[in-house]
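I opened a fresh notebook page for this one and wanted to look at how its parts pack together. Here is the structure I had on screen.

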Amino acid sequence: MRDFFLYLMRLPRSFYLLGATTLVVTLFWGGSQPFAVGLFPVPYDKLAHSLYFATLSLLLWFGTGGRWPVLLFVAVSAIGGLDELHQGTLPGRVADVYDFLIDALAAGLTITVLEWNKIALGELQRRMSKA
């Protein structure tokens, strides 16, 4: 597992930021397509939201080098809120406050776990720089 994190840390930050940008673009573009209506039935839509926004938080955290965790939380939560507002304007889709809360919770938990492990990740970075 340690080697996996070392590998992830060697990737350039722009790689993670590109991944996060791709996720956000596909969220809004894909969410406006007709196939998105009923793509995930209840309650699996909550699972999809949590996994999506946890992944987005992870990519942005690595992309910023773990800086500005509060700003990352606000940004990811805002993207979740904008997604729900966007869904409210689309035929066959509805805005759901619980989806937004799941988005924010997933972002908060992911960023918190990453911050708690920042010391261990920092140790891996130090080892990586010595290698």
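My entries below go through the core, two helix pairs and one loop residue.

**Entry 1: the model.** I noted before anything else that this is a predicted model.

**Entry 2: the core.** I looked up the largest nonpolar core and found 20 residues in it. Which of them touch the most other members? I wrote down Phe53, Leu56, Leu60 and Val76. Next I checked which elements give two or more residues to this core, and they are H2 (13-31), H3 (44-63), H4 (69-88) and H5 (97-116). The most comes from H3, which supplies eight residues. A reminder to myself: nonpolar side chains in soluble globular proteins tend to be buried together.

**Entry 3: leucine 60.** I picked leucine 60 for a closer look and set aside its neighbours within four places in sequence. What remains in contact with leucine 60 is Leu17, Ala20, Leu72 and Val76.

**Entry 4: H3 against H5.** I looked at how these two helices meet. Their axes come within 8 Å, with a crossing angle of roughly 40°. An angle of that kind falls outside the parallel, antiparallel and perpendicular ranges, so I logged H3 and H5 as oblique to each other. The crossing in which H3 passes H5 is right-handed. On the H3 side, the residues making the contact include His49, Phe53, Ser57 and Trp61. On the H5 side I found, among them, Tyr98, Ile102, Ala106, Thr110 and Leu114. Sorted by class, this contact has 10 nonpolar, four polar and five charged residues.

**Entry 5: H2 against H4.** I repeated the exercise for this pair. The axes of H2 and H4 come within 10 Å and cross at roughly 15°. Since angles under 35 degrees count as roughly parallel, H2 is roughly parallel to H4. H2 also passes H4 in a right-handed crossing. Which residues meet here? From H2 I listed Val24, Leu27 and Phe28, and from H4 Ile79, Leu82, Asp83 and His86. By class, I recorded five nonpolar, one polar and one charged for the contact of H2 with H4.

**Entry 6: proline 91.** I finished in the loop between H4 and H5, where proline 91 lies. Is proline 91 buried or exposed? Its relative accessibility is 72%, and over 50% counts as exposed, so I marked proline 91 as exposed. I also looked up its spacing to proline 34: the two are 57 residues apart along the chain, and their C-alpha atoms are separated by 8.6 Å.

Definitions and conventions: Residues numbered from 1 in each chain as written. Predicted model: local features only at pLDDT ≥ 70, side-chain atom pairs only at ≥ 80, totals over all residues. Heavy atoms only, no water. Core = buried A, V, L, I, M, F, W, Y, C linked by side-chain atoms within 4.5 Å. Buried < 20%, exposed > 50% of the residue type's maximum accessible area, 1.4 Å probe, protein only. Helix = DSSP H or I, 4+ residues; strand = E, 2+ residues; numbered from the N terminus. Contact = heavy atoms within 4.5 Å. Axes fitted to C-alpha atoms, helices over the stretch in contact; angles between N-to-C directions. Parallel < 35°, antiparallel > 145°, perpendicular 65-115°, else oblique. Left-handed = near helix turned anticlockwise from the far one by under 90°. Nonpolar A, V, L, I, M, F, W, Y, C, P; charged D, E, K, R; others polar.
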